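Me: I'm new to this structure and would like a close look at one part of it. Could you take me through how a pair of helices packs, and then show me what else is worth a look?

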Amino acid sequence: MTLPLDHPLMDGRTSGSPLIDAYRSRKPSRRPIWFMRQAGRSLPEYRAAREGTAMLDACLTPDLAAEITLQPVRRHGVDAGIFFSDIVIPLKLAGIDVDIKPGVGPVLGQPVRTAADVASLPPLTDEALEPVREAVRLVVAELGTVPLIGFAGAPYTLAAYMVEGKPSRDHLGPRTMMHADPQAWKALAAWTAEASGKFLRAQLEAGASAAQLFDSWAGSLSLADYEQHVAGASAAALDHVRGLDAPLVHFGTGTGELLAAMRDVGADVVGVDYRLPLDEANRRLGADTVLQGNIDPALLSAPWSVLEEHVRGVLAAGQSAPGHVVNLGHGVPPDTDPAVLTRIVELVHSVDP
Ligand code: CP3
């Protein structure tokens, strides 16, 4: 199982890029940086392109998804594109009734709560993923030497939306289910692992040079629950792409206690949220894992002098790890002044890697 020979990682377009060098613990020519949610409402060109098109329709219109993916790369000069899509796209493509409500997030027509609900979930087929592959091909043809990062939601985060049927604060539904009905939970985690794994694989095979698994809500779990009820499914999702030899990043929020467990499911790079300094994350991981992060999104609206000092602190703390890719500690808030993001990119690129 290898990538095609005309893939950007194989034909040399992205294999020596700052992002891939840092992900592979090699010294990059400059400190690479990209932003989670860099494509989105902070950009006026995004709001214009999205006008009149529902979120999931935009994701499944290949030329629109490609254009939105490219916008922040053109504007900010970041070291990677992140594919414009959503973690619920594999659900939608499997035929599940799911939508993204503006200002709310993913909402399902029918929550998935019982063993019978899980058993009736339709499988995601490879054919259904064609709009994803097509959008990735369009993006990669434009990006040239800039790598595209593909992504998927991790089984726990996806299952959390499926069980609750909507966003929630404490994720009581999935956390109860894994103890109250462990068989149903196991089946649901297996279904989401396969959907996520296929979504990742479609993006990597079509031209993405790296992939990130978002376990955004893993921080709501104890380490014991993570290890017993979640880690196996996340590893199973990554099994779909491991052999492709593209760097794999694993990110969640509030995961200071889970970092090593999240690395051990088979990630090359661990994304750290803003709560834990990178030198401490590096210590917890035994100083042998590449890190990504972790500018606090709250500081994007602080005076530049305050933000600059914070960014320099993140760069210094990241120096302790075998590799560091600069990012935020979570996504770009919609009201962020995009000029601030461009200025951060310039600052990071001006500093010795
Ligand atoms: O630059 C990028 O990162 C773009 C690609 C991207 C999106 N969603 C686009 C999007 C990625 C990587 C995601 C992942 C995603 N989606 C996650 C994991 C990352 C994280 O933030 O923790 C999660 C939990 C979701 C589910 C989801 N989708 C939420 C909670 C929301 C916000 C709803 C809202 O309106 O506040 C979405 C919608 C969404 N996904 C938007 C974008 C740009 C906003 C839609 C819009 O512009 O109307």
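Reply: Here is a walk through one helix pair, followed by a second pair, the ligand and two backbone details. Keep in mind that this is a predicted model.

Let's start with the general idea: two packed helices are described by the angle between their axes and the distance between the axes. Now find helix H10, residues 182–206, and helix H11, residues 223–239. Their axes are 7 Å apart, and the packing angle is about 30 degrees. Angles under 35 degrees count as roughly parallel, so H10 is roughly parallel to H11. As for the handedness, H10 passes H11 in a right-handed crossing.

Which residues make the contact? On H10, look for Trp185, Ala189, Ala193, Ser196, Gly197 and Leu200. Facing them from H11 are His229, Val230, Ala233, Ala236, Ala237 and Leu238. Sort the residues of this contact by class and you get 9 nonpolar, 3 polar and no charged ones.

For a second pair, move along to helix H14 (residues 304–318) and helix H15 (residues 338–350). Here the axes come within 11 Å and cross at roughly 45 degrees, and H14 and H15 are therefore oblique to each other. This crossing is right-handed. H14 brings Trp304, Leu307, Glu308, Val311, Arg312 and Leu315 to the contact, while H15 brings Val340, Arg343, Ile344, Leu347 and Val348. By class, the contact of H14 with H15 has 8 nonpolar, no polar and 3 charged residues.

Next, the ligand. It is surrounded by 26 residues, and the closest are Arg37, Tyr46, Asp86, Ser216 and His330. Zoom in on Ser216 and you'll find an N or O atom of its side chain 2.4 Å from an oxygen atom of the ligand. For Tyr46, a polar side-chain atom lies 2.7 Å from a ligand oxygen. Arg50 also takes part, with a side-chain N or O atom 3.2 Å from an oxygen atom of the ligand.

Finally, two backbone details. Most residues other than glycine have a negative phi, and most peptide bonds are trans. Ser25 has a positive phi, near 60 degrees, and you'll find Ser25 in the loop between helix H1 (18–23) and helix H2 (44–50). The peptide bond from Gly293 to Asn294 is cis, with omega near -15 degrees. To find that spot, go to strand S8, residues 290–295, where Asn294 lies.

Technical notes. Residues are numbered from 1 along each chain as its sequence is written. This is a predicted model: local features need pLDDT of at least 70, side-chain atom pairs count only at pLDDT 80 or more; totals for chains, interfaces and linings use all residues. Side-chain values use heavy atoms; hydrogens and water are left out. Axes are lines fitted to C-alpha atoms, for helices over the stretch in contact, and angles run from 0 to 180 degrees between N-to-C directions. Helices (H or I, at least four residues) and strands (E, at least two) are DSSP runs, numbered from the N terminus. Angles under 35 degrees count as roughly parallel, over 145 as roughly antiparallel, 65 to 115 as roughly perpendicular and the rest as oblique. A crossing is left-handed if the near helix is turned anticlockwise from the far one by less than a right angle, and right-handed if clockwise. Contact means heavy atoms within 4.5 Å. Ala, Val, Leu, Ile, Met, Phe, Trp, Tyr, Cys and Pro count as nonpolar, Asp, Glu, Lys and Arg as charged, and the others, Gly among them, as polar. A residue is near a molecule or strand if one of its heavy atoms lies within 4 Å of it. A polar contact is a pair of N or O atoms within 3.5 Å; within protein, one must be able to donate a hydrogen and the other to accept it, and residues adjacent in sequence count only if both atoms are side-chain atoms.
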